[in-house]
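I opened this model to look up its strand pairings, its nonpolar cores and its enclosed cavities, and I kept the entries below as I went.

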Amino acid sequence: MNSSPDPIKTRLDRFVRERLLSAVEHASADVTVEAWDVPGEPVPFSEAVRQRFEPFAVGRSWGRPWGTTWFRVTGTVPADWSVGTDGIELVIDPGFIHDWAGFQVEALVYDREGRILKGIEPRNDYVRLGLAPGESFEVFVEAAANPDVIGEMTFAPTALGRRETAPREHLYTLRRVALVHRDPEVWELMQDIWTLEGLAEQLPDPSPRRAAVWGALDAVVDAVDPADVHGTASDGRAALAAVLSSPAAASAHRIFAVGHAHIDSAWLWPVRETVRKCARTFSNVLDLMDQHPDFIFACSSAQQYAWVKEFYPELYERIKVRVAEGRFVPVGGMWVESDTNLPGAEALARQFVEGKRFFLEEFGIDTTEVWLPDSFGYTAALPQIAAAAGAGYFLTQKLSWNEVNAFPHHSFEWEGIDGTRIFTHFPPVDTYNSMLSGAELAHTERNLAGKGRANTSLVPFGYGDGGGGPTREMMAAVERTRSLEGSPTVRVTTPAVFFEEASAELQSRPVWVGELYLESHRGTYSAQARTKRGNRRSESLLHEAELWATTASVRLGAPYPTEVLRKAWRTVLLQQFHDILPGSSIGWVYDQAEVEYAQIKEALEGVIGEALSALAEGAQEPLFANSAPVTIDGVPPFAIGTRDVGGDVHVSEADGSITLSNGLVSVVVDADGLLVSLVDAASRREAIAPGARGGLLQVFRDTPRKFDAWDVDIEYRRSVVDLVTADSLEIEHGDESATVRVTRSFGASTVEQCITVTAGIAAVDLETNVDWHEQQKMLKLGVPVDVHTTTARSEIQFGHIERPIHTNTSWDVARFETAAQRWVHVGDAEFGFGVANDAIYGHDVTRHERTGGGTFALVRQTLVRAPLFPDPVADQGHHSFRTSFVPGGVSAAIEAGYRLNLPLREAAAAVAPLVVAGDGALIETVKSAEDGSGDVIVRLYEPLGVRARVDLTVGFAVRAIEQTDLIERPAEGHAIVRTEEGTVELQLSPFEIVTLRFVTV
């Protein structure tokens, strides 16, 4: 930033601070305040208004952490205020402790009829009353005593994250509630000065324009009489008129400003508080639209609209009016702004199914852009998923947080694993909470990549997280920078308009292939392990429930539990929000998640049980339902049949070691309970690297440089304790399996590992049960695989990604912790090895020098962490993880992933598969159509990254077969080659997703 002329700036800033700020109000008048404390959780207006309100004085404390106090405010506009109604406002300061928006007390103001007027936040503290002198009013203020969990950006451990552990003392003091007569001319002068001073500080030094702007600002101080600011403010504005009216150059950078409020669906507050944050912000937006007919606001997350519809129906109806006008704009098309690394394949698809269907049904709007400014990295599966949902554009801002490498593009084509490309914009303003300041506008222009090819960018403006969204000050900045010499031009518009113009402008576009990896927040792959397990298990239960409910519906005409499944899906999708599932919220959020996952389990087990019971026909032998798209223990995919394990498991002991073998694999466990050998019988290949040991648990110091729950820094590798010593080893030999049970203790924690070989399964399974009581530590489980490779494959949604594991470049070095779904695989030209899991996402894969020459690959799973902020007891207690070491190709890893996540369940009757795919494709989902027609939807994909011809067979009568998009609308495609009775032949491209509708008879 260029320096400003110190004497002028010093004089100007004091003039604004001491003269103009106090003159914004012509006059103020006292009001009467009464209060009622809500004894428990928040209550609606209809209940609050019936309570007994007691007198309450300004200057009095109120508000225990997470409590709610309702204030009733009454008053009369003084008769001698001869002003227009636009100047009469109620100003409320419930006790703001700083001017940050969204991290402290907030309030919502209602009129006496219960109509929401506006939200109150530190930078948006007024309510326009529309009254004339002599008129009276009565309003009700719902004030939320949300604590400042961040602690002035200290991010220190705090008891404030749970209501039951928070202190009971009052947090806030009611500082001011007053009627004011605002002076519009003084306020406008302040906006003139703010815009021009911000511009002047960014202009080249020296330059004629810079000198002219500073000269005009200096003249303002002379033009305004400090003894009569109200009477001479117009003179000050006149002194600035010439420099404000000088137009921008024709070549100026074009900024498309989009009104926006990034409201995290939970974070440093519980979900119930987000519901109220939405009402406050959305009411502010509607009020600002009344003041500025050209103001447009874009809002993502169908969940937030659904909350307002449920809890604030009158406000929702007003929103619908503005949506119809094209001014309150649904964007994104997802249920929430979810994480994209952790949700499973079908869950990420359902974010769009639920989100886009909500917008279509409620507003008749088909959103065309994906809006994820703040998620922690973006899966390479997203371009195809978005395109299949009808989206053509993608926006993110989070890549500006990269710690090592600056992302090279701002407008580009993003190519996913299947080759699908989506036009993507990464706003060069480097924030999604812009105030449209001179510094931000200048940074946008300077920072833009691809100058000469592109001259357009999007700037999301508005305070988020309960800060109230865009303000009248921001709209004043827009008005002054529409065309201002030395500044980019600013135009308020919709995301769709921006993307249309930006894509038309940029004909030759750079291409980024693969994931958008965020070089930060890598700890989110593993924090709050119980919530991650709840998510994975809920995804699996939803898959099972839809499969068997559809089977019972098609085969027997049983009713399909649409509402139960929709409620479960929407709860799971909400929990996948990018500050919930990643583990970066307060403890209250995870306590609630535990409860809701338990409710989901109960509801879905009921659905599955009812469907399987309906399908029962009194079989005479033990039967098992296989919900996976692969054969498990001899039971075909999506069928109910008998298990066929086959073979035996042998156990032998020699020289303190234990050998378990089943004819498919043989594993040797040494006296320390570690794997010193794992041989694949088919290839006779030893998987464990010479001199190394598998199944090793390692404890690392985990003290990130910045943010506890969010981050894992590469320095963790400098401090490690190998858990080698075993407290005990026991052998358990059953009919179908053999297990070595190993117990260890360390610090304040204990761990039990069960190393198991099962008849008929070419894998070694490890169950790791941890009673975890460490803090700022991290536990990893590793296996040293004797393969020479420079890459590792990790499962992502609808396929997998291949990542370098060397450190040739700074990009490779920065990618030291990565996310995977159900498996990671390493291999050479002859041999492969998979590491599958049942609820683990964080991994690291590194290359090491091999005894005897060459290298081996160390694959480690990050099991559990212990961050102190924002939840100081995160991950404390019991955890259980299932891991499978699987010799073989990628197909073997895929099968192991399904076996761990969709285990067989007991059933009462044999049932042939409702639908099955031949080799070359995997069926992800079988469900009933969203439109209630009873048609069957089948979603499948090619998992290996090759072209495939696949036969898909259905076991029910079909009248027609249609290819659809994710939203189940007819789609043009090349997947269907031909159809016969009960069979469809498909041709799939690498990693292609295909959704088919089978129209039932």
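I began with the hairpin of β33 and β34, which has two residues between the strands, and I noted that G747 in the turn has a positive phi of about 55°. Strands here are DSSP runs of E with at least two residues, helices are runs of H or I with at least four, and both are numbered from the N terminus; two strands pair if DSSP finds at least two bridges between them.

The model is predicted, so I note that local features need pLDDT of at least 70 and side-chain atom pairs count only at pLDDT 80 or more, while totals for chains, interfaces and linings use all residues. Residues are numbered from 1 along each chain as its sequence is written, and side-chain values use heavy atoms, with hydrogens and water left out.

I then followed β34 (residues 749-758) on both sides: 10 bridges join it antiparallel to β33 (residues 737-746), with A738 as the bridge partner of V757, and seven bridges join it antiparallel to β35 (residues 764-772), where L766 stands opposite I755. The hairpin of β34 and β35 has five residues between the strands, and G760 in its turn has a positive phi of about 80°. Eight of the 10 residues of β34 are buried, meaning under 20% relative accessible area with a 1.4 Å probe and protein chains only.

Next I looked up the nonpolar cores, which are sets of buried Ala, Val, Leu, Ile, Met, Phe, Trp, Tyr and Cys residues joined through side-chain atoms within 4.5 Å. The largest has 201 residues, among which W70, F282, F328 and L952 touch the most other members, and helix α16 (residues 587-615) gives the most to it, with 12 residues. A second, separate core of 49 residues includes V757 of the strand above, along with L678, L723 and W772.

Last, I listed the cavities, that is, sets of points on a 1 Å grid over the protein atoms alone where a 1.4 Å probe fits but cannot get out, with lining residues having an atom within 4 Å of a point. The largest holds about 310 Å³ of space, a volume being the space filled by probe spheres set on points joined across faces, edges and corners. I found 23 residues in its lining, with G344, A345, E539, R822 and E924 nearest its centre, and α14 gives the most to that lining, with five residues. The second largest cavity holds about 90 Å³, and its lining includes R803, R815 and D844.

Note on methods: Buried < 20%, exposed > 50% of the residue type's maximum accessible area, 1.4 Å probe, protein only. 1 Å grid on protein atoms, 1.4 Å probe; cavity = no way out; pocket = protein on both sides within 12 Å on 5 of 7 lines; lining within 4 Å.
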